[in-house]
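This report walks through one chain, from its strands to its aromatic rings and unusual backbone angles. Keep the viewer open while reading.

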Amino acid sequence: MPTRDIYLKIETIPGYSPVEPDDHVSPPIQYRRDCMRNMGHEDGMIPADEVAARRLTALIYREYLDPEYLVPKPDKLVAADVNEPAFTRRVPGTVIYSKPGDWLRIHVKNADINPHSFHIHGVRYGIDADGSWPFGTQSDDGRRSDEICPGQT
């Protein structure tokens with residue numbers, strides 16, 4: 001079975017709000033809904049001040065189709081989700097689908113200003129390949145050894 005190359009770039013989404021991820025959309029997407037109709041949301045909507053209070057800079061791992069990280073993969077994460085935001089405002093940035101026996105080579109480029117690591121779920125592997133700082137492992141200057149520094153892959 002051939003190895004599939006996956007290209008991920010660590011990027012930020014400034015001004016992201018989980019209840020209104022994309023503030024410039026047209027119907028049929030409907031954000032800011034509170035189906036529980038909690039206090040202050042009796043009309044089923046989350047007020048604009050609460051949307052603003054939840055804004056943050058999100059960190060994502062966005063998938064690209066090329067090794068130069070120029071062509072982002074715009075495919076929806078869930079094909080049936082009519083409210084999924086555009087790929088430029090999507091958190092999580094990507095979900096990698098594979099089947100047992102698939103071989104993946106995952107390339108990660110850090111386009112953020114801070115170091116980050118890479119950690120995956122749903123795969124069996126040893127602690128030395130975990131990406132979440134194995135016990136007793138660090139660089140000479142005391143930093144984490146699994147970090148991907150800004151600009152590095």
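Which residue in β3 is the bridge partner of Asp5? The partner is Arg105. The pairing that holds this bridge is described under the sheet heading below.

## Basis of the model

The model is predicted: local features need pLDDT of at least 70, side-chain atom pairs count only at pLDDT 80 or more, and totals for chains, interfaces and linings use all residues. Residues are numbered from 1 along each chain as its sequence is written, and side-chain values use heavy atoms, with hydrogens and water left out.

## Overall make-up

The chain has one helix and three strands. Read from the N terminus, the order is β-α-β-β. These elements are DSSP runs, numbered from the N terminus: helices are H or I with at least four residues, strands are E with at least two.

The chain has 153 residues, and 30% of them are buried. Buried means under 20% relative accessible area, exposed means over 50%, and partly exposed lies in between (1.4 Å probe, protein chains only). About 10300 Å² of the chain is exposed, with 56% of that supplied by carbon and sulfur atoms. The areas come from the Shrake-Rupley method with a 1.4 Å probe; for residues, only the protein chains shown count as cover. Take the contacts between residues at least 6 apart in sequence: 67% of them join residues at least 24 apart. Contact here means heavy atoms within 4.5 Å.

## The sheet

The three strands form an open sheet in the order β2-β1-β3, with mixed pairing. β2 and β3 are the edge strands, each pairing on one side only. On average, neighbouring strands are turned by 30° against each other, direction ignored. Such angles run between N-to-C directions from 0 to 180 degrees, with axes fitted as lines to C-alpha atoms, for helices over the stretch in contact.

Strands of a sheet pair through backbone hydrogen bonds, either parallel or antiparallel. Here two strands count as paired if DSSP finds at least two bridges between them. β1 and β2 pair in the antiparallel sense over eight bridges. Within β2, Ala58 stands opposite Ile13, and Leu56 is the bridge partner of Tyr16. β1 and β3 pair in the parallel sense, also over eight bridges. Asp5 and Arg105 are bridge partners, with Arg105 in β3.

## The loop between β1 and α1

Ser17 sits in the loop between β1 and α1 (48–53). Ser17 counts as buried because its relative accessibility is 0%. Beyond its neighbours within four places in sequence, Ser17 touches Val51, Arg54 and Arg55. The Ser17 side chain reaches the backbone oxygen of Val51 at 3.2 Å. That is a polar contact: a pair of N or O atoms within 3.5 Å; within protein, one must be able to donate a hydrogen and the other to accept it, and residues adjacent in sequence count only if both atoms are side-chain atoms. Ser17 and Thr57 are 40 residues apart along the chain, with 8.6 Å between their C-alpha atoms.

Glu20 lies in the loop between β1 and α1. At 15% relative accessibility, Glu20 counts as buried. With neighbours within four places left aside, Glu20 contacts Tyr31, Arg32, Val51 and Arg55.

## Aromatic pairs

How many aromatic pairs does a search of the whole structure find? It finds three. Tyr7 and Tyr69 have ring centres 6.0 Å apart and planes at 90°, so the pair is edge-to-face. Rings of Phe, Tyr and Trp (its six-membered ring) pair if their centres lie within 6.5 Å; planes under 30 degrees apart count as stacked, over 60 as edge-to-face and the rest as tilted. This pair links distant parts of the chain: Tyr7 is in β1 (residues 3–16), while Tyr69 is in the loop between β2 (56–64) and β3 (103–110), 62 residues apart. Both residues are buried.

Tyr64 and Tyr69 also pair edge-to-face, because their centres are 6.0 Å apart and their planes stand at 65°. Tyr64 is buried, with a relative accessible area of 8%. Tyr7, Tyr64 and Tyr69 form one aromatic cluster.

## Backbone exceptions

Most residues other than glycine have a negative phi, and most peptide bonds are trans. Tyr69 has a positive phi, near 60°. Arg32 has a positive phi too, near 65°. Arg32 is in the loop between β1 and α1 and is partly exposed, with a relative accessible area of 24%.

A cis peptide bond joins Val91 and Pro92, with omega about 5°. Pro92 lies in the loop between β2 and β3.
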